[in-house]
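Here's a quick briefing for anyone opening this entry for the first time. Have a look at the sequence and the model, then read on.

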Amino acid sequence: MIEHAELIALATAAATALVSEMVKDGWTSARATAARIFRHGGESEEQRQLERLDADQAQVDTIDGTELRNRWQRRLITLVEDFPEATKDLEALASHYKNDQSGGVNQNAAGNTGPVIQIGRDNSGSLNTGDK
């Protein structure tokens, strides 16, 4: 069984993916993955949650994103607590968020003895790499 802290992190990533995909081209795929999660609760639960999801998606521009994410996080946590076998599907939904995080820039300067200026793609300054 999944640890509670791990479940919270997983549900947060899944809810973030779900809410962020509401306004993107990936909405159909994220919705289908969410439907698989809801299906673990039975057909009526799946239908009930999809109706909620569709209503939220239709109002996504008027609802606070953090509030919406927290709402779906709670729903996903409850569902997985009730149906632990839904964990794999929750992981699949969370991967939408993880995959969407690519493309960021991470710049770091450590262990140097001179000034380093990093701005976007343009980097200048003297950098001690240890080579003479």
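About 8,300 Å² of the protein chain is exposed, and carbon and sulfur atoms supply 47% of that area. Keep in mind that this is a predicted model. As for what's tucked away, 33% of the chain's 132 residues count as buried.

**Overall layout**
- The protein chain has 5 helices and 2 strands.
- Start at the N terminus and you'll meet the elements in the order α-α-α-α-α-β-β.
- Take the contacts between residues at least 6 apart in sequence: 59% of them join residues at least 24 apart.

**The aromatic pair**
- There is 1 aromatic pair in the structure.
- Its partners are Phe38 and Trp72, with 5.9 Å from centre to centre.
- The planes of the two rings are 40° apart, and that makes the pair tilted: stacked would need under 30 degrees and edge-to-face over 60.
- Phe38 belongs to helix 2 (residues 27-39), while Trp72 belongs to helix 4 (residues 65-82).
- With their positions 34 residues apart in the numbering, the pair links distant parts of the chain.
- Are these two residues buried or exposed? Phe38 and Trp72 are both buried.

**A charge over the ring**
- Trp72 has another neighbour to look for: Arg75 lies over the face of Trp72.
- Arg75 sits there at 4.5 Å from the ring centre, which falls within the 6 Å cut-off for a charge over a ring.
- So when you zoom in on Trp72, look for Phe38 as its aromatic partner and Arg75 over its face.

Technical notes:
Residues numbered from 1 in each chain as written. Predicted model: local features only at pLDDT ≥ 70, side-chain atom pairs only at ≥ 80, totals over all residues. Heavy atoms only, no water. Phe/Tyr/Trp six-rings, centres within 6.5 Å; stacked < 30°, edge-to-face > 60°. Helix = DSSP H or I, 4+ residues; strand = E, 2+ residues; numbered from the N terminus. Buried < 20%, exposed > 50% of the residue type's maximum accessible area, 1.4 Å probe, protein only. Lys NZ or Arg CZ within 6 Å of the ring centre and 35° of its normal. Contact = heavy atoms within 4.5 Å. Areas by Shrake-Rupley, 256 points an atom, 1.4 Å probe, with all protein chains shown as cover.
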